[in-house]
Amino acid sequence: MSGLVTAVRVAIAYDGGAATIASATLIEAADPQIGLPVLAGTDGVTLRLRDPDGMVVFSRTLPDPGTALEIAGDGGALQRLSGGRQRFVVVELPWPGPGSTIEVRLTRPGIERERPSALMRLAPVRPMGLEGAAPPLVVHPIWGADNPQALTLLFLPDGFVVDEMPAFHAVVEQCVRLFGVTEPFAGQTAALRVAHVDIVSNESGISGTQGRDTAFGAHFQPDIDRVILVDQARALKALNSYVPHGSGVAMVVANTPRYGGSGGGAMVFSCDVRSSEIALHELGHSAFGLADEYADAGQSATDDPVEPNVCGFGDRARLKWADLVPATTPLPSLNADDPVPSPPPRGIGAYEGAKYHSRGRFRPAFDCKMRTLGQPFCAVCARTIIGILSRHLSSA
Ligand SMILES: [Zn+2]
């Protein structure tokens with residue numbers, strides 16, 4: 001039994017508040033409905049898939065359009081950057097047949113609460129074949145290499161000329177090692193397939209701003225050190241060409257020794273050893289529907305975010321992850337005005353300050369990779385990731 005179903009890989013482009021379908025590709029993939037957390041809350045971005053009769057047959061969170069541009073300090077603490085740039089998110093959906101529509105609903109606190117949703121008719125196409133001279137896909141003989149349901153991590157080089165390919169391979173190995181020691185991925189490696197393609201760029205290195213002739217056009221965001229952007233459409237085309245069947249995510253390695261990266265439909269990170277952490281955090285958004293757990297100073301929220309790892313309430317009755325909190329743990333565990341004990345508290349509770357607000361929103365742990373790069377994922381994020389990875393474990 002292969003456990004595969006007909007699914008649609010959809011790239012959605014966010015431009016300001018509007019969402020449009022950039023591409024929709026029919027694939028055979030592990031059932032997208034397995035392992036998703038139940039959505040609860042009112043603030044955030046959700047996608048609903050309606051069958052030809054208009055019934056909602058699938059829903060999940062989408063990354064907040066504003067979260068792609070994040071910047072990490074030297075200690076890994078993350079900060080959100082505002083930015084009106086178009087960005088992409090790639091999701092896999094079940095395929096209920098012709099006449100299906102998807103609806104992207106953005107809800108926001110206050111006046112924007114009932115912002116109109118984008119409603120789009122889904123018309124997927126079959127993936128296109130590769131041109132004759134295209135370099136081959138190299139599947140690493142590890143982990144879920146032979147698992148048809150696996151999530152393929154497709155590593156793509158940008159700014160590497162022919163004789164620099166060993167350097168690209170070294171970065172891939174470095175990133176694979178990180179996955180191999182980072183829970184919950186380390187315990188679920190059978191759900192992951194590692195592959196790379198030696199796509200040669202015409203020029204070495206990536207641009208300080210724009211204009212270098214590389215495979216995916218990687219460049220630093222002007223005026224913002226550490227944020228590297230790529231041509232998301234080109235990376236998605238490579239994903240559709242090289243992973244036409246089964247689930248996959250494009251991971252672009254940018255040829256620069258400077259620290260940096262970003263998320264979106266495709267992850268991008270540099271050759272700096274710390275940069276692979278950016279990919280893990282951004283994958284938390286794009287593949288697993290997790291919210292940022294960091295706060296922007298001073299602001300208060302009165303809404304409950306839709307994601308499973310942030311909650312608008314710090315009391316036991318309404319906390320989304322109350323089942324993971326020991327009966328003896330006080331709730332809320334730490335309020336915004338409380339002094340932080342040294343060492344900081346461990347364990348799952350309700351810690352005030354999450355998803356861009358320092359008050360009125362709670363996170364599950366004092367720290368987590370969705371708050372600070374280099375930290376472990378908290379138990380709530382780990383549980384969410386494991387749930388979704390369960391669909392990528394072979395049922396054979
Ligand atoms: Zn977390």
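# Notebook: pockets, cavities and one sheet

I began with the largest pocket, and found that α2 gives the most to its lining, with 8 residues. I note at the outset that this is a predicted model, so every entry below is a reading of a prediction.

**Entry 1, the largest pocket.** The space in the largest pocket comes to about 550 Å³. I listed 23 residues along its lining, and those nearest its centre are Leu 130, Glu 131, Lys 237, Ala 238 and Ser 241. When I asked which elements give two or more residues to this lining, I found β2 and α2 (232-242). Sorting the lining of the largest pocket by class, I got 14 nonpolar, 5 polar and 4 charged residues. I then looked up where the largest pocket sits with respect to the domains: because domain 1 (4-121) and domain 2 (137-290) both give residues to its lining, it lies between them.

**Entry 2, the largest cavity.** I turned next to enclosed space, and the structure holds 5 cavities of 30 Å³ or more. The largest of these cavities has a volume of about 270 Å³. Its lining is made by 21 residues, and the closest to the centre are Arg 60, Val 90, Glu 92, Ser 286 and Ala 287. I checked which elements give two or more residues to the lining of the largest cavity, and these are β4 (56-62), β7 (87-94) and β15 (247-254). By class, I counted 13 nonpolar, 5 polar and 3 charged residues in the lining of the largest cavity. I also recorded that domain 1 (4-121) and domain 2 (137-290) each supply at least three residues to the lining of the largest cavity.

**Entry 3, the second largest cavity.** For the second largest cavity I noted a space of about 90 Å³. Of the 13 residues that line the second largest cavity, Glu 70, Ile 71, Ala 72, Leu 78 and Ile 278 lie nearest its centre. Two or more residues of this lining come from each of β5 (70-72), β16 (261-262) and α3 (276-286). The lining of the second largest cavity divides into 6 nonpolar, 4 polar and 3 charged residues. Where does the second largest cavity lie with respect to domain 1 (4-121) and domain 2 (137-290)? It lies between them, since both domains give residues to its lining.

**Entry 4, a sheet of three strands.** I followed an open sheet of 3 strands, which has the order β2-β1-β7 and antiparallel pairing. I wrote down that β2 (18-30) and β7 stand at the edges with a single partner strand each, so one side of each is left without a neighbour in the sheet. Neighbouring strands of this sheet are turned by 20° against each other on average, with direction ignored. Looking at one pair in detail, I found that 12 bridges join strand β1 (residues 4-15) to β2, and that the two run antiparallel. Within this pair, Asp 15 has Ala 18 in β2 as its bridge partner.

**Entry 5, Asp 53.** Last, I looked up Asp 53, which is found in the loop between β3 (44-50) and β4. Is Asp 53 buried or exposed? At 71% relative accessibility, Asp 53 counts as exposed, because the cut-off for exposed is over 50%. I also noted that Asp 53 and Gly 99 are 46 residues apart along the chain, while their C-alpha atoms are separated by 8.2 Å.

Methods: Residues numbered from 1 in each chain as written. Predicted model: local features only at pLDDT ≥ 70, side-chain atom pairs only at ≥ 80, totals over all residues. Heavy atoms only, no water. 1 Å grid on protein atoms, 1.4 Å probe; cavity = no way out; pocket = protein on both sides within 12 Å on 5 of 7 lines; lining within 4 Å. Points joined across faces, edges and corners; volume = space filled by probe spheres on them. Nonpolar A, V, L, I, M, F, W, Y, C, P; charged D, E, K, R; others polar. Domains from an automatic or database assignment. Pairing = 2+ DSSP bridges. Axes fitted to C-alpha atoms, helices over the stretch in contact; angles between N-to-C directions. Buried < 20%, exposed > 50% of the residue type's maximum accessible area, 1.4 Å probe, protein only.
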